[in-house]
Amino acid sequence: MRIVVVNQRTMARTFRELGHEVLELHLEPGPRSVPAALADHGRDAAWPELLLEVERLSPRTILMGLGDLACPKLFWAIDVHLNSWWHRFYARQFDAVLCSQLPWVRRLEALGAGRVAYLPWFGSQRPWRPWAARGRALCLVARVTPERPVRKRMVEHLVARHGLAHLDGLDAEAMHEAYCDTCIVPNEAIASEVNFRLFEAASCGCAVLNHAAEGGVGHLFELGPEVLEFTDIHTLDAQVRALLAEPSRAEAMGRAAWERVRREHLPEHRCAAILETATRVAGTAPRGALADAHAWAAVDLLAEGGMVEPPAGPVLAALGALGRTEPWAFTGLVRTLWRAGETGEVLRLLRAALGQRAFAGDLEADLTASGAALRAGDPDLARAFWLGHARAHGLADRGGSGSPVDLLLSWAGECERAGHDMRPGLRFNAARTVPGSAMECLLWANELEPGQPGIMRRLDAVAARHPGVEEFRLSVLSWLGLREPGDWRLGLELGLVNLRAMRLAQGLEELALARGAALAKGAARRFDTVLAARGGAALAATVRGLEARPQGAAASVPSADSPPSAPSR
């Protein structure tokens, strides 16, 4: 088979080893024409029988011209847990998306991405090295920066408590060699995803202590015999101590995970799955200009997130004609015009859409229109889009007084009702961008009227449904806790979030204080039951053994006057 592989050397090499003719394309960031790249290599659009693009994490390559190719086209979404907000459009120009995270398969489909199939990452085939020949008991190869505070705290704790060797700046081969000389690897993940490090460390026969993945990793490795999972620093610390005390058990774990990789998680296993998927989905991708329109819609959203700076012209040209018939194209037009500073054109487009009742009832279109009108200084027009949406769905007008904050809170509730509570990985700029989720509406409302406990509680309720936003939740819960120091449930939640944020001392201290508050209200037994259910019996026993300190000793984080910023991962 003639296969084009974009930006992934290992898969290109493996397909060649399996006997296929492979053209490897390494394209520069930004929009890039595939037919033009093929021509540069002496091929035309009819040459490939399969095209595979593997997501380039940063900077982004955006393929154009896929509508000119008749072959099956597949996109392997690697960071879908952080990029679904633009993948949902980019994916539509392919016959199928290969999704690296199992829980996101159905979510991407619900977002309109088309056909989605699960395909996890892979490991490599490495010779077994007995643990007696390894020089490091505990090691992590990873970048530690101020942007990764949870990882930084985990590393600092394990270095101080257990002698972790932390390495940074290694290339792939040096990283694998480091792990082949390591017994135990603690694996922190940004957003409870299944990441590369799980497969890298297991390939080298390490005992992996894996940050509990959303949906678990039991479908990839057997929990217990092959991999252990942790949710917080208290659990991780106990696991490290146990494995260091039982090296034979730890080595058996590493050996079992190493064997699992060789049986099921090598590049050739993924190549076989890719070929099978291509056969099933061939012929479902859009042809012609519609494919590029989806790609430009993705570029528009990448610009919304501040990840690219495309000229507005190509986006407006691609979405202009479709903007009268497709709600997704209409929203892209509105956002692009707003970013370009075309306030008058935005208002003209919105008033025309309202008069024609275009897309009335479509949540994304109505919310975008309402938010853009509010940004443009026309609150009456913004409210008119809410009222039209409410009528279309038979909703009561929950707009309250009609103030911008009331309007945003109404939209937040509607987004939550529809399951659009957050766009993970997208940092919302409350001063610049148009909201697209419940979290973003609430953040803007909090910017307009900071310090409302009701808004803060709603922010935390939304964030609590998503992994990887512990820093944001720390700021919100600490702010609330300073105002309600006697609320033991709030203190319990703050303690658990501290532990998930790898703050062991602060987490235990907050839990001890919360138990003291519960004891004062005759609710200590209830506290212990809830804590055991949420954090495990071992944590509950640890907290019962602590002597609660005075309220003033609580390790809350931000100032009481500091509203939270947008969650960032």
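Q: In this predicted model, how should I read strand β5: are the residues on its faces buried or exposed?
A: Start with the general idea: side chains in a regular strand point alternately to one face of the sheet and to the other. In β5, residues 61–64, Thr-61 and Leu-63 lie on one side, while Ile-62 and Met-64 lie on the other. All four are buried, so both faces are covered, with "buried" meaning under 20% relative accessible area.

Q: Which strand pairs with β5, and in what sense?
A: Bridges between strands are the thing to look for here. Strand β3, residues 30–33, pairs with β5 in the parallel sense over four bridges. To find your place in the pair, look at Gly-30, which stands opposite Thr-61 in β5.

Q: What is the order of the strands in the six-stranded open sheet?
A: Read across the sheet rather than along the chain. The order is β2-β1-β4-β6-β7-β8, and the pairing is parallel. The edges are β2 (21–25) and β8 (116–118), each of which pairs on one side only. From one strand to the next, the twist averages 20°.

Q: How many bridges join β7 to β8?
A: Three bridges link strand β7, residues 96–99, to β8, and the two run parallel. One pair to pick out is Cys-99 with its bridge partner in β8, Tyr-118.

Q: Which strands do helices α1 and α10 touch?
A: Follow each helix over the sheet in turn. Helix α1 (residues 9–17) packs on the sheet and touches β1 (2–6), β2, β4 (50–54) and β6 (73–77). The direction of α1 makes about 165° with that of β2. Helix α10 (residues 267–281) also packs on the sheet, in contact with β1, β4, β6, β7 and β8. The direction of α10 makes about 130° with that of β6.

Key
Residues are numbered from 1 along each chain as its sequence is written. This is a predicted model: local features need pLDDT of at least 70, side-chain atom pairs count only at pLDDT 80 or more; totals for chains, interfaces and linings use all residues. Side-chain values use heavy atoms; hydrogens and water are left out. Buried means under 20% relative accessible area, exposed over 50%, partly exposed in between (1.4 Å probe, protein chains only). Two strands pair if DSSP finds at least two bridges between them. Axes are lines fitted to C-alpha atoms, for helices over the stretch in contact, and angles run from 0 to 180 degrees between N-to-C directions. Contact means heavy atoms within 4.5 Å.
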